[in-house]
Amino acid sequence: MGAMTKAGVRVFLLAGLVACVQLFVSATPSQAVGQVTAFKQAVAEAAAQDRDLAAFYREYGYQPLWTGSSRKDRRRRAALFDAIAAADDHGLPSARYDADSLLRQLDSVRSPRDRGLAEVALSRAFLSLARDMQTGVLVPARIDSDIKRQVPYRDRKSYLTGFAQSDPAGFFRALPPKTNEYSRLMKEKLRLERVLAQGGWGPKVPADGLKPGQSGAAVVAMRNRLIAMGFLPRSATNSYDTQMLQAVQGFQVAHGLTPDGVAGSGTMAEINRSVSDRLKSIIVAMERERWMNKPKGQRHIMVNLTDFHARIFDNDVVTFETRAVIGKNDSTRRSPEFSDEMDHMVINPTWHVPRSIAVNEYLPQMKRNRNAVGHLKLYDRRGRQVSRSSINFNAYNASNFPYAIKQPPSQRNALGLVKFMFPNKYNIYLHDTPAKNLFEREKRDYSHGCIRLQKPFEFAYTLLAKQENDPKGFFHATLNTGRETRVNMVDPVPVHIQYRTAFTRAKGPVQYRRDVYGRDGRIWDALEKAGVSLRAQQG
């Protein structure tokens, strides 16, 4: 904390603004009134450019929140500086709150006006820190337009009014997310910072890939790295033996790789990632968790795009999970991030082909051959099916094509046999698919943006179990009709489509994934520009 130690800061804060208070105590009644007036005028002037600050102090009667001589004022000051000192633990830009400058300003108070200016300076720092700690440093949509996350921002003035009425230290403790995920991420951040201080995980493995049965210097380097990362017990072996194969499999599972025990090029690239790279992912994940700092729902669905999985959570415990296919990594097909509520599912769905797909993919095919994609039906603006033989496809382009394209319910339907709806303006939902082969791939970004599920029937049974005595029987009885059927959810289920290259589980190692769309890299760059930095600290 600059030139002053934390202990020195606390002594100073607890002592209070000695010089100014002594001036006030020794003043005559008329002088005291003048000093109060000068303080209030300084506060009003300093807060005038900030509407929320000005409104708070006006309602607070221009009384001091920080710079008074009472025990509560001293505790408030101490809590603020303690919180600033802890900002780095949360991956926040501690320099933004400039504790040293605030301390110098407090130390130089010699008049009521000085005290008023210091008062407002402390409130400005407080507002910045409180919002950053609760809902994040960045505005998501400014980083990537596909991050549609609605951050639960709190009214700035309410931070001040709430703080004025609260236990100071308790107020700061309540700001960050209270999720198990955030706590575990912070624990991993502090652990990695200790590893970084000790030099990291050692030299990189000098090989593009290694296989069981090999030996030599590269195998020894991989052995040492796996030991340092906690995937292999201490060993003196110099061969890629069964124990090392199992360690590689454990590493692969924790990094979303095919767990075949072979350190191919993809696995080796992840083994050779630095502590700094992983630390950046953790800090970005903490920022992302702050963007979602509100209840996720006692029961909720979480889709992690980088992990290619969808999960149902009940009371923070995974009760169902399935592999998923996400949007292809190109500018028009990447899956967006947002939250909404699933209120129904459709069994035997009709696929209403999105216009972008209709005019950009199917119209060109039908221009070349009017009978192309024959499984799709065309409808006019009045909802009547139109025969292709009556249409001159070459007369139309992307802007004037007047027909809607649909695919009736069937085993071949692009949505499969069930879709799960949380109506949203991005036209994103979860659904079945006839393309089952894609789920066996390690990297699964192939869709137009929607989320395809490997086990959609089982997903449906789990959701229906809350409202049907025989969810499987109900589902298949409805399916066997062959008719499109909407099934409402009695209790809508929150759905969170997120993107985490680092996330945790209740047990086992922290999970790391590749940055499929490059979003976390952009978020880290923005955090770094805002003043967030990596640190190495001794244990």
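In this predicted model, the side chains of R290 and Y182 are joined by a polar contact of 3.0 Å. The side chain of R290 also reaches towards the backbone: one of its polar atoms lies 2.9 Å from the backbone oxygen of H90. Both H90 and Y182 thus reappear when the surroundings of R290 are listed in full. Leaving aside residues up to four places away in sequence, R290 touches H90, G91 and L92, the run D132, M133, Q134, T135 and G136, and finally P177 and Y182.

R290 itself is found in helix α15, which spans residues 275–291. Its relative accessible area is 0%. Because buried means under 20% relative accessible area, R290 counts as buried.

A helix pair comes next. Helix α6 covers residues 99–107 and helix α7 covers residues 112–135. The two pack at an angle of about 160°, and their axes are 9 Å apart. Angles over 145 degrees count as roughly antiparallel, so α6 is roughly antiparallel to α7. The crossing of these two helices is left-handed.

On the α6 side, the contact is made by L102, Q105 and L106. Helix α7 contributes L117, A118, A121, L122 and A125. By character, the residues of this contact divide into seven nonpolar and one polar, with no charged residue present.

The two parts of this description can be read together on the structure: α7 runs over residues 112–135, and the residues touched by R290 include D132, M133, Q134 and T135.

Technical notes
Residues numbered from 1 in each chain as written. Predicted model: local features only at pLDDT ≥ 70, side-chain atom pairs only at ≥ 80, totals over all residues. Heavy atoms only, no water. Axes fitted to C-alpha atoms, helices over the stretch in contact; angles between N-to-C directions. Helix = DSSP H or I, 4+ residues; strand = E, 2+ residues; numbered from the N terminus. Parallel < 35°, antiparallel > 145°, perpendicular 65-115°, else oblique. Left-handed = near helix turned anticlockwise from the far one by under 90°. Contact = heavy atoms within 4.5 Å. Nonpolar A, V, L, I, M, F, W, Y, C, P; charged D, E, K, R; others polar. Buried < 20%, exposed > 50% of the residue type's maximum accessible area, 1.4 Å probe, protein only. Polar contact = N/O pair within 3.5 Å; in protein donor to acceptor, adjacent residues only side chain to side chain.
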